[in-house]
Amino acid sequence: MAVDLLLGLQWGDEGKGKIVDVLTQDYDIIARFQGGPNAGHTLEFDGIKHVLHTIPSGIFHKNAVNVVGNGVVIDPVIFKKELDALKKFNLDVNAKLFISRKAHLILPTHRLLDAASEASKGKAKIGSTLKGIGPTYMDKTGRNGMRIGDLELSDWKEKYRSLANKHEAMINFYDVDIQYDLAELETDFFKAVEELKKLTFIDSEEYLYQAQKAGKKILAEGAQGSLLDIDFGTYPFVTSSNTTAAGACTGLGVAPNQIGAVKGIFKAYTTRVGSGPFPTELFDEDGETMGRVGNEFGATTGRPRRCGWLDLVALKYAVRVNGVTELMMMKGDVLSGFKKLKVCTAYNYKGEQIEHFPYNIEAENVTPVYSEMAGWKEDLTKMTSADQLPKELNDYIDFLEKELEVPIKIVSVGPDRTQTILR
Ligand code: IMP
């Protein structure tokens with residue numbers, strides 16, 4: 001039985017949470033494979049809006065088991081808040097939510113290091129969510145990290161202390177003014193760790209292997225987006241994990257030949273939060289309209305997202321790097337009312353026109369080449385089937401499918417579960 005993947009193809013915030021929630025009815029297990037509480041996956045159903053950061057988006061479905069994989073980094077304090085927010089839904093988290101022993105822990109000092117590192121960069125800052133993601137993955141690859149499984153050992157506090165002491169020395173190394181009260185942060189941390197320890201820790205690669213053998217259907221849930229991938233994203237303005245398909249193999253222990261469908265999600269336009277190059281970014285009324293109508297504010301930080309036209313050069317790159325087999329287009333409804341739509345089909349790059357995603361897409365190297373298409377006036381948000389979609393939207397979809405050479409299977413026309421059109 002294959003493991004299907006669900007990934008964001010742009011700079012994150014494509015709407016993965018909603019789609020995982022919609023698809024969960026077809027799966028027995030939802031497994032997050034990378035990232036941490038820098039993610040904010042928003043779900044809306046029955047008039048309720050809920051944001052998840054670390055917990056997989058299948059948590060609201062009765063029959064699905066949710067696994068936090070080894071590739072994820074976990075902040076116990078934020079995890080506890082997520083659990084608290086779920087209490088009112090009466091979910092049996094002990095039976096529905098398992099955590100990999102190999103997942104790494106975000107310590108309070110990782111968050112402080114993130115803040116110190118960003119402050120030291122001045123204008124060149126990454127625009128990090130400041131959740132400690134970078135420093136935690138640095139400790140993981142530096143072979144210094146603490147893992148969930150360590151919490152089951154009697155000497156875990158000693159290990160914690162020695163790592164936190166090292167971090168404090170590193171914070172002092174940065175010549176920046178970071179105010180903090182570590183004792184207070186640690187009180188919250190230790191309390192949250194005790195809550196975390198009440199959950200079920202597992203050897204997730206073994207669990208998933210056995211589940212596959214037993215014929216269970218598994219969906220691997222990505223976080224962030226392909227253009228934030230540590231290798232293939234717009235480095236250094238990226239996150240610190242592999243957000244692309246290969247990350248699901250390393251982040252869950254699933255072998256490449258076990259991967260089935262690769263479901264890629266993109267918005268009908270493009271957004272980015274944080275710093276870094278964005279060739280199709282708009283600074284005019286159109287960009288402002290996308291942001292306002294699309295309610296483009298970060299689910300984790302509340303920061304306004306930068307908005308722009310769809311970038312097919314970047315999207316093709318993401319489709320190829322991930323081996324996407326089916327596409328899902330989100331927020332088509334936000335483009336209703338635009339007279340003309342633009343789609344970037346090539347870049348002017350250092351004096352020549354190119355159609356591939358080059359090493360450096362800084363604004364001084366790249367200007368977008370656009371194709372124009374007619375927009376549509378109709379409100380899509382009440383539409384329920386593909387035959388109701390306006391002609392101009394169908395033309396837009398046909399054009400994208402031809403360019404990307406992958407079918408668009410879902411068109412999302414609003415944030416609610418029910419506002420999902422299958423094609
Ligand atoms: P970090 O992963 O928090 O260090 O942030 C690195 C970059 O990735 C920043 O530009 C963030 O805004 C961006 N980023 C991280 N997580 C997300 C996400 O879930 N959605 C969108 N952008 C993200």
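**Figure 1. Lining of the largest cavity in the predicted model.** By residue class, this lining comprises 4 nonpolar, 2 polar and 1 charged. The residues concerned are Q10, W11, L227, T270, D311, A314 and L315. The space in the largest cavity amounts to about 40 Å³. The structure holds 1 cavity of 30 Å³ or more. Rolling a probe the size of a water molecule over the atoms shows where empty space is left.

**Figure 2. Residue shell around the ligand.** The ligand is surrounded by 15 residues. N38, T129, T239, V273 and R303 are the closest of these. Sorted by class, the shell contains 6 nonpolar, 7 polar and 2 charged residues.

**Figure 3. Polar contacts of ligand oxygen atoms with S128, V273 and R303.** In S128, an N or O atom of the side chain is 3.0 Å from an oxygen atom of the ligand. For V273 the contact comes from the backbone, where an N or O atom lies 3.0 Å from an oxygen atom of the ligand. R303 contributes a polar side-chain atom, again with 3.0 Å to an oxygen atom of the ligand. The ligand taken alone exposes 470 Å², and the protein buries 96% of that area.

**Figure 4. The second largest pocket and its lining.** This pocket holds about 290 Å³ of space. Its lining consists of 15 residues, and those closest to the pocket centre are G233, T234, Y235, Y359 and N360. The class breakdown of the lining is 10 nonpolar, 3 polar and 2 charged.

**Figure 5. Salt bridge between K197 and E194.** The closest N and O atoms of the pair are 4.0 Å apart. A side-chain nitrogen and a carboxyl oxygen count as a salt bridge within 4 Å, so the cut-off is what admits a pair of this kind. K197 has a relative accessible area of 33% and is therefore classed as partly exposed. E194 is likewise partly exposed, with a relative accessible area of 39%. The class "partly exposed" covers what lies between the buried limit of under 20% and the exposed limit of over 50%.

**Figure 6. Salt bridge between E326 and K263.** The two side chains meet with an N to O distance of 3.1 Å. In total, the structure holds 22 salt bridges, among them the E326 and K263 pair and the K197 and E194 pair.

Key. Residues numbered from 1 in each chain as written. Predicted model: local features only at pLDDT ≥ 70, side-chain atom pairs only at ≥ 80, totals over all residues. Heavy atoms only, no water. 1 Å grid on protein atoms, 1.4 Å probe; cavity = no way out; pocket = protein on both sides within 12 Å on 5 of 7 lines; lining within 4 Å. Points joined across faces, edges and corners; volume = space filled by probe spheres on them. Nonpolar A, V, L, I, M, F, W, Y, C, P; charged D, E, K, R; others polar. Near = heavy atom within 4 Å. Polar contact = N/O pair within 3.5 Å; in protein donor to acceptor, adjacent residues only side chain to side chain. Areas by Shrake-Rupley, 256 points an atom, 1.4 Å probe, with all protein chains shown as cover. Buried < 20%, exposed > 50% of the residue type's maximum accessible area, 1.4 Å probe, protein only.
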